[in-house]
Amino acid sequence: MQRRWTIALAGVGTAVVAAGLSVLLVVLLSGAQPVALKRAAPVRHPHPRPVPHAAVLSQLVSPFTGEPVKAPSRVVVVKIDNIVDARPPTGLTSADIVYLLPVEGGLSRIFAVYSTRIPRIIGPVRSAREDDLDLLRQFGRPGFAYSGATPQLLPFIARRARVVNLYDTPAYFRDWRRYAPHNLYAYGRTLRAEAPGASTAHDIGFRFGPPPPGGRLTASFSVSYPAASFTFRWSARSHHWLVWMDGTLATDAAAGDLTAATVVIQYTVVRTSRFREYGVPPPYAESVGSGTAVVLRDGRAYRVRWSRPSPDGVTTYTLPSGARMTFAPGQEWVVLTTTNWAKAGL
């Protein structure tokens, strides 16, 4: 009667071991004298071992910061007050991208983009301006949190802007330790919960990687609006740019100093808006078009060109060689400014 043999084999080189055992069994069953077997040569694997699942996940990075993320998250943009009486802001260190935009009187306002992290509290929240709308479009359909707008602009945002409108939500509250209008804040997680249909983070043109060759050693770089000034000072100890506003080191009420891994000083056309504020047209900083820029990273300044051909397109930053400018992973600050403030009536 023919016998059946079942042998469980596991580990590296199992095919060689199985073949050797098969020969031995045949010899034993036939009654023949066993023949000495030679040591089998180790089997070399021609293909790399499979990458563990956790390692695959770690390769996913945010298109906004270049830092590892588990999955793309919804985008929420918040307009934040930035005059002296409104400082320090709260929750700004958690933003992926911080834009500085000119407003009436030559002052500035913050356009903060959140996706990777959402802080518990964000603010002080302030009103929208017309130039926000072009900036918003590069993010798809983000959630947009703001305190209001002029009577002409407010319905325009509600009906025509491609956003999840977060103007009227239960996320807002007043901090009565501050004076109005610099005391309106929002619960960050409530904002995100109120925007279930918001777009998730996707490529807007930023590229991350080692610094390119060249660049000029730069300890600090300053840029001014007619009634506001900003200086970015390189800290070799923290390997970040410290943010100074109007001569004072800028801080976050919840998280210490404001810093940036990369700073973009983007020179553009600043004209007047068609929607008046306090009886006069405020500045409108164009984010669609092209021009020159200075990119600060790793203690160096790089002269580049920026280009965004359409509102739905990405913004590219290109070195004189034609190569794409790479950013350092982390939070970016983008300052939209001009060399001709007279065109904005300032």
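The structure holds two cavities of 30 Å³ or more. A cavity is a set of points, on a 1 Å grid over the protein atoms alone, where a 1.4 Å probe fits but cannot get out. Volumes are the space filled by probe spheres set on the points, with grid points joined across faces, edges and corners.

This is a predicted model, in which local features need pLDDT of at least 70, side-chain atom pairs count only at pLDDT 80 or more, and totals for chains, interfaces and linings use all residues. Residues are numbered from 1 along each chain as its sequence is written, and side-chain values use heavy atoms, with hydrogens and water left out.

**Cavity and pocket**

The largest cavity has a volume of about 50 Å³. Its lining consists of Y99, L135, Q138, Q266, S287, R308, T315, Y317, V334 and L336.

The largest pocket encloses about 240 Å³ of space. A pocket is an open set with protein on both sides within 12 Å along at least five of seven lines; lining residues, here and for cavities, have an atom within 4 Å of a point. E130, L133, D134, L136, R137, F156, R160, A161, R162, V163, R274 and Y284 line the largest pocket. Helices α3 (131-137) and α4 (153-160) each supply at least two residues of this lining. The largest share, four residues, comes from α3. Helices (H or I, at least four residues) and strands (E, at least two) are DSSP runs, numbered from the N terminus.

The linings divide by class as follows. Ala, Val, Leu, Ile, Met, Phe, Trp, Tyr, Cys and Pro count as nonpolar, Asp, Glu, Lys and Arg as charged, and the others, Gly among them, as polar.

| Lining | Nonpolar | Polar | Charged |
|---|---|---|---|
| Largest pocket | six residues | no residues | six residues |
| Largest cavity | five residues | four residues | one residue |

**Strand pairing**

Strands of a sheet pair through backbone hydrogen bonds, either parallel or antiparallel. Two strands count as paired if DSSP finds at least two bridges between them.

β10 (residues 220-225) and β11 (residues 228-235) run antiparallel and are joined by six bridges. Their hairpin passes through two residues. S222 has T231 in β11 as its bridge partner. T231 also stands opposite W244 in β12. Six bridges join β11 to β12 (residues 240-245), again antiparallel. The hairpin of β11 and β12 has four residues between the strands, and H239 there takes a positive phi near 55°.

An open sheet of three strands has the order β4-β8-β7, with antiparallel pairing. Its edge strands, β4 (121-122) and β7 (172-174), each pair on one side only. Two bridges join β4 to β8 (residues 184-187). I122 stands opposite A186 in β8.

**Two loop residues**

S62 sits in the loop between α2 (53-58) and β1 (76-81). With a relative accessible area of 3%, S62 is buried. Buried means under 20% relative accessible area, exposed over 50%, partly exposed in between (1.4 Å probe, protein chains only). A polar atom of the S62 side chain lies 3.2 Å from the backbone nitrogen of T65. Leaving aside neighbours within four places in sequence, S62 is in contact (heavy atoms within 4.5 Å) with E67, V69, D96, T116 and F208.

L107 lies in the loop between β2 (97-102) and β3 (108-114). L107 is partly exposed, at 31% relative accessibility. Beyond its neighbours within four places in sequence, L107 contacts I83, L101, P102, Y225, A227 and A228. L107 and A228 are 121 residues apart along the chain, yet their C-alpha atoms are separated by 5.4 Å.

Methods:
Polar contact = N/O pair within 3.5 Å; in protein donor to acceptor, adjacent residues only side chain to side chain.
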